[in-house]
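Me: I have a structure open and would like to learn how to read its features one at a time. Where do we begin?

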Amino acid sequence: MTASHGPVGPHTTPGRKVLVTGAGGQVGLDLLQALRARGDQVFASDLAPPSGDAGLGLPWSSLDVTRATQVDALFAELRPDVVYHLAAILSATGERDPLRTYAVNQDGTLHVLEAARKFGVRQVIFTSTIAVFGPGLPPLVGDDVPLRPTTMYGVTKVAGELLGEYYSRRHGLDFRGVRFPGLLSAVLPGGGTSDYAPLMYYESLRTGGYEAFCRPDSQIPLMYMPDALRALVELSLAPRERLGRCIYNIAAFSPTAQEIADEVARVVPGARITFKPDPARQAILDSWPRALDDTCARRDWDWRPAWDLARMSDDLTPKLAALAARAGE
Ligand code: VAH
């Protein structure tokens with residue numbers, strides 16, 4: 001279920017007490033390992049903590065972020081220095097139950113920020129997304145392009161960005177975040193619209209092919225998980241005085257779905273990838289950026305992606321092959 005990407009970055013400020021919300025998700029499981037590898041004292045939380053090896057031997061707490069009393073109680077008990085707030089329902093799942101998505105993503109973020117204020121958390125790191133943008137975008141989308149999302153997921157992520165900035169201004173909370181592209185890793189995604197990209201690899205390995213729910217010319221920014229984890233650590237450790245903003249676009253590569261299919265055919269010979277666009281998810285994809293401008297992140301905290309599509313394919317394919325083999329056992 002999990003993939004180890006090893007230590008992240010050259011930084012050495014060990015001993016931070018770090019709490020991760022939504023730690024059982026696609027980003028969380030790899031982030032826990034990356035934080036532990038760099039010497040942080042890591043505490044994980046999610047609705048239902050995983051059992052056995054899946055919990056990585058870390059201390060886990062059950063946490064429903066929609067319950068302010070639960071969030072307060074956990075923050076009071078642990079008194080973390082830094083909180084990585086990942087708990088969220090993604091775009092595709094979110095459209096099936098918008099009110100639950102609002103409760104988890106919007107109320108949940110407010111509860112985390114409020115608990116951070118009350119219990120002396122020094123820094124909150126927020127995972128935002130390209131889904132904060134909406135239709136009518138320029139070819140290259142900068143940080144300050146108007147935010148007009150069409151999904152409840154996007155709406156709540158915009159609100160999360162603004163709430164965090166409010167807590168930063170009003171209460172001096174050190175709030176920082178990145179807008180993630182669609183992420184690929186050896187942990188399968190859970191209910192996103194960008195899932196066609198990792199599933200092209202995974203289903204080709206598992207079953208010999210995949211019917212993608214988008215058009216071949218669909219194009220959104222994507223990123224390999226090791227870059228995403230490094231961004232979360234490097235942004236957290238960047239000197240505050242260098243940061244001109246709270247939330248940053250970060251980019252790696254932006255292939256079309258056809259280009260990903262061609263790449264999958266290279267690393268999984270014989271893979272049969274077909275396209276059958278699903279109107280709802282295609283409309284979401286068409287409303288998102290084709291490419292992100294990450295100039296501000298490059299300038300303020302020296303962000304640079306290390307992985308492109310081809311290098312990612314070579315690294316990811318054996319990991320997903322092992323996962324697919326385990327799924328078939
Ligand atoms: C989703 N993976 O598809 C998420 C995301 C790139 C968008 O944040 O909903």
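Reply: We begin with polar contacts across a domain boundary. In this predicted model, seven residue pairs are in polar contact between domain 1 and domain 2, both residues of each pair having pLDDT 80 or more.

Me: Which parts of domain 1 touch domain 2?

Reply: α1 (26-37), α3 (91-96) and α7 (225-237) each give at least two residues to the side of domain 1 that touches domain 2. The largest share, four residues, comes from α3. Sorted by class, that side of domain 1 has 13 nonpolar, eight polar and three charged residues.

Me: How many salt bridges cross the interface of domain 1 and domain 2?

Reply: The rule finds zero salt bridges across that interface.

Me: Where do the two domains run along the chain?

Reply: Domain 1 covers 9-182 + 224-249, and domain 2 covers 184-220 + 252-290 + 307-327. The contact between them takes 24 residues from domain 1 and 23 residues from domain 2.

Me: What is the area buried between domain 1 and domain 2?

Reply: The general idea is that interface size is often given as the accessible area lost when the parts come together. Here the area buried between domain 1 and domain 2 is about 1,900 Å², and carbon and sulfur atoms give 63% of that. On the domain 1 side, Q26, I130 and Y224 supply 38% of the area buried against domain 2, more than any other three residues. The C-alpha centres of the two domains lie 25 Å apart.

Me: Q26 falls within α1 (26-37). Is α1 mostly covered or mostly open?

Reply: α1 is mostly covered, with ten of its twelve residues buried. Q26 is one of the buried residues, and others include V27, L29, D30 and L35. After α1 comes G39, which has a positive phi near 100°.

Me: Which residues other than glycine have a positive phi here?

Reply: The general idea is that most residues other than glycine have a negative phi. Two that depart from this are R79, with a phi of about 50°, and D302, with a phi of about 60°. R79 sits in the loop between α2 (68-78) and β4 (82-85), and is partly exposed at 47% relative accessibility. D302 sits in the loop between α10 (295-301) and α11 (309-327), and is partly exposed at 43%.

Me: How many salt bridges does the rule count?

Reply: The count comes to 22. Three examples show how to read one: take the N to O distance, then the exposure of each partner. R298 and D294 meet at 2.8 Å; R298 is partly exposed at 31%, whereas D294 is buried at 6%. Salt bridges that share partners also join R16, R38 and D40 into one network. D217 and R215 meet at 2.8 Å, with D217 partly exposed at 40% and R215 partly exposed at 30%. D64 and R67 form a salt bridge with their closest N and O atoms 4.0 Å apart. D64 counts as buried because its relative accessibility is 15%, under the 20% limit, while R67 is partly exposed at 48%.

Me: What is L137 in contact with, leaving aside its neighbours within four places in sequence?

Reply: L137 is in contact with V145, S287, W288 and P289. L137 lies in the loop between β5 (123-129) and α5 (152-171) and is partly exposed at 23%. From L137 to W60 is 77 residues in sequence and 41 Å in space, C-alpha to C-alpha.

Technical notes. Residues numbered from 1 in each chain as written. Predicted model: local features only at pLDDT ≥ 70, side-chain atom pairs only at ≥ 80, totals over all residues. Heavy atoms only, no water. Domains from an automatic or database assignment. Contact = heavy atoms within 4.5 Å. Buried area = accessible area lost by both parts, 1.4 Å probe. Salt bridge = Lys/Arg side-chain N within 4 Å of Asp/Glu carboxyl O. Polar contact = N/O pair within 3.5 Å; in protein donor to acceptor, adjacent residues only side chain to side chain. Nonpolar A, V, L, I, M, F, W, Y, C, P; charged D, E, K, R; others polar. Buried < 20%, exposed > 50% of the residue type's maximum accessible area, 1.4 Å probe, protein only.
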